[in-house]
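Colleague: I would like to learn how to read a few features of a protein model, one at a time. Could you take each general idea and then show me the case here?

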Amino acid sequence: MWRHEKDIRILGFGSPLVDILVNVDDAFIAGNVRGQKGGMELVDISEIDRILSMSQMEKAMVLGGSASNTIGALAKLGVKTGFLGKVGEDDMGSFFKKHFSGMGGD
């Protein structure tokens with residue numbers, strides 16, 4: 001639900017992303033992931049699924065995106081915030097909306 005604009009002190013615009021975190025060792029990275037440790041590599045969903053299916057470790061989902069992380073942190077501190085971004089009607093979109101709202105963000 002959107003608050004009246006006078007209620008919001010800070011409004012962020014950005015990409016509402018969901019990060020998937022998995023703890024793996026250096027050998028896993030060297031043998032299964034293109035690119036280098038500590039770097040970033042753009043991949044498609046089939047590559048993400050391949051890498052995640054190879055890891056036996058527990059996976060965690062967290063909110064991502066610099067704008068949403070900044071606004072979310074401010075919301076946790078009690079600042080009245082809003083965030084404008086587009087989420088899909090899928091599990092990741094639902095996850096983002098639920099957890100962002102849970103932090104106090106709108």
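Colleague: What is the relative accessibility of Glu-47, and does that count as buried or exposed?

Modeller: Please keep in mind that this is a predicted model. The relative accessibility of Glu-47 is 15%, and because buried means under 20%, Glu-47 counts as buried. Its partner in what follows, Arg-50, is partly exposed, with a relative accessible area of 31%.

Colleague: How should I read a salt bridge, and which residue does Glu-47 meet in one?

Modeller: The general idea is that side chains of opposite charge can pair when their charged atoms come close. In this structure the side chains of Glu-47 and Arg-50 meet in a salt bridge, at 2.8 Å from N to O. Both residues lie in helix H2, 3 residues apart, which is about one turn of the helix.

Colleague: How many salt bridges does a search of the whole structure find?

Modeller: The search finds 4 salt bridges, and one of them, besides the pair just described, joins Arg-34 and Glu-41, whose closest N and O atoms are 3.8 Å apart. Arg-34 is partly exposed at a relative accessible area of 47%, and Glu-41 is partly exposed as well, at 41%. Another salt bridge links Glu-89 with Lys-97, where the closest N and O atoms are 3.9 Å apart; here Glu-89 is exposed, with a relative accessible area of 78%, whereas Lys-97 is partly exposed at 38%.

Colleague: Going back to helix H2, where is Ile-51 found, and which residues does Ile-51 touch?

Modeller: Ile-51 is found in helix H2 and is buried, with a relative accessible area of 19%, a value to be read against the cut-off of 20%. Leaving aside residues up to four places away in sequence, Ile-51 touches Phe-28, Asn-32 and Val-33. Ile-48, which is also found in helix H2 (residues 45-54), is partly exposed, with a relative accessible area of 30%, and Ile-48 helps to make a nonpolar surface patch of about 450 Å² together with Ile-20, Val-43, Ile-45, Met-61 and Met-92.

Colleague: Now for aromatic rings: how is a pair described, and how many aromatic pairs are there?

Modeller: A pair of aromatic rings is described by the distance of the centres and the angle of the planes. The count here comes to 3 aromatic pairs. In one of them, the rings of Phe-83 and Phe-96 have centres 6.1 Å apart and planes at 40 degrees, so the pair is tilted. This pair links distant parts of the chain, since Phe-83 is in strand E4 (residues 81-84) and Phe-96 is in helix H4 (residues 91-102), 13 residues apart. The rings of Phe-83 and Phe-100 are also tilted, because their centres are 5.6 Å apart and their planes stand at 45 degrees. Phe-100 lies in helix H4, so its pairing with Phe-83 in strand E4 ties together parts that are 17 residues apart in sequence.

Colleague: Are these three rings buried or exposed, and what do they form?

Modeller: Phe-83 counts as buried at 10% relative accessibility, as does Phe-96 at 4% and Phe-100 at 4%, and Phe-83, Phe-96 and Phe-100 form one aromatic cluster.

Colleague: Which helix holds Ser-68, and what does Ser-68 touch?

Modeller: Ser-68 is in helix H3 (residues 66-76), and at 1% relative accessibility Ser-68 counts as buried. Not counting residues up to four places away in sequence, Ser-68 touches Phe-83, Phe-96 and Phe-100, along with Ser-15. The side chain of Ser-68 also reaches the backbone oxygen of Gly-65, at 3.2 Å.

Methods
Residues numbered from 1 in each chain as written. Predicted model: local features only at pLDDT ≥ 70, side-chain atom pairs only at ≥ 80, totals over all residues. Heavy atoms only, no water. Helix = DSSP H or I, 4+ residues; strand = E, 2+ residues; numbered from the N terminus. Buried < 20%, exposed > 50% of the residue type's maximum accessible area, 1.4 Å probe, protein only. Polar contact = N/O pair within 3.5 Å; in protein donor to acceptor, adjacent residues only side chain to side chain. Contact = heavy atoms within 4.5 Å. Patch = residues over 30% accessible without salt bridge, like charges linked within 9 Å, V, L, I, M, F, W, Y side chains within 5 Å. Areas by Shrake-Rupley, 256 points an atom, 1.4 Å probe, with all protein chains shown as cover. Phe/Tyr/Trp six-rings, centres within 6.5 Å; stacked < 30°, edge-to-face > 60°.
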